[in-house]
Amino acid sequence: MPSMHHEPISEEELADPVRIPEDAFVIVDGIKVIPLTSPLIRIGRRLENNLVLDDPRVSRTHAELRAINGRYVLFDLNSTGGTYVNGLKITQSVVYPGDVISLAGVNLVYGQKNPPPRPDLKETSPLGD
């Protein structure tokens, strides 16, 4: 498993741990852009969800996105068909712009304008800076 790098938490993050990522959205079916504007987004077939996916493969309450320290974290809610990020089955995962979220085969693409830096990519500079 890759080692996890923990970046120091800024005072801004401590002041507002539920900060909603700016200009975040998901693209459904490759065409519908859904803005993400609340700290908790429930996703599933049930009409009470914030994001309703009318597909029999999707559980009634399938997954949720929670804003944590300015990033969205995707949680699987014990769904029948599983929740995947970029092809890997997850129970919880931070999502980054361009990530493909698959809920039992229904694909969403996560996007965000001006995202925070990715701590997991610090050591992948091609020049070794």
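Okay, let's start with a pair of side chains: Arg-66 and Glu-64 meet in a salt bridge, 2.6 Å from N to O. Before I go on, keep in mind that what you're looking at is a predicted model.

So how accessible are those two partners? Glu-64 is buried, with a relative accessible area of 5%, which falls under the 20% cut-off for that word. Arg-66 comes out at 31% relative accessibility, and that counts as partly exposed. And there's a third player here: salt bridges with shared partners tie Arg-42, Glu-64 and Arg-66 into one network.

Why would such side chains pair up at all? Well, side chains of opposite charge can pair when their charged atoms come close.

How many salt bridges does a search of the whole structure find? The search turns up four. Let me show you another one. Arg-57 and Asp-55 meet through their side chains, with 3.0 Å from N to O. Asp-55 is buried, at a relative accessible area of 17%, while Arg-57 is partly exposed, at 46%.

Next up, Lys-32 and Asp-29. In this salt bridge the closest N and O atoms are 3.9 Å apart. Have a look at how accessible each partner is. Lys-32 is partly exposed, with a relative accessible area of 44%. Asp-29 has 52% relative accessibility, so it counts as exposed, because the word applies over 50%.

Right, that's the charged pairs. Let's move on to the strands, and to E11 in particular, which covers residues 106-112. Is E11 largely enclosed or largely open? Five of its seven residues are buried, so E11 is largely enclosed by the rest of the structure.

And which strands are joined to E11? One of them is E1, residues 24-28, which is joined to E11 by five bridges, the two running antiparallel. If you want a spot to find on screen, go to Val-26, which stands opposite Tyr-110 in E11.

Then there's E10, residues 100-103. Four bridges join E10 to E11, and this pair also runs antiparallel. Here the spot to look for is Leu-103, standing opposite Val-106 in E11.

What do E10 and E11 form together? They make a hairpin, with two residues between the strands. While you're at that turn, check out Ala-104: it has a positive phi of about 55°.

To wrap up, then: E11 is joined to E1 by five bridges and to E10 by four, and Arg-42, Glu-64 and Arg-66 belong to one salt-bridge network. That's my tour, thanks, everyone.

Note on methods:
Residues are numbered from 1 along each chain as its sequence is written. This is a predicted model: local features need pLDDT of at least 70, side-chain atom pairs count only at pLDDT 80 or more; totals for chains, interfaces and linings use all residues. Side-chain values use heavy atoms; hydrogens and water are left out. Buried means under 20% relative accessible area, exposed over 50%, partly exposed in between (1.4 Å probe, protein chains only). Two strands pair if DSSP finds at least two bridges between them.
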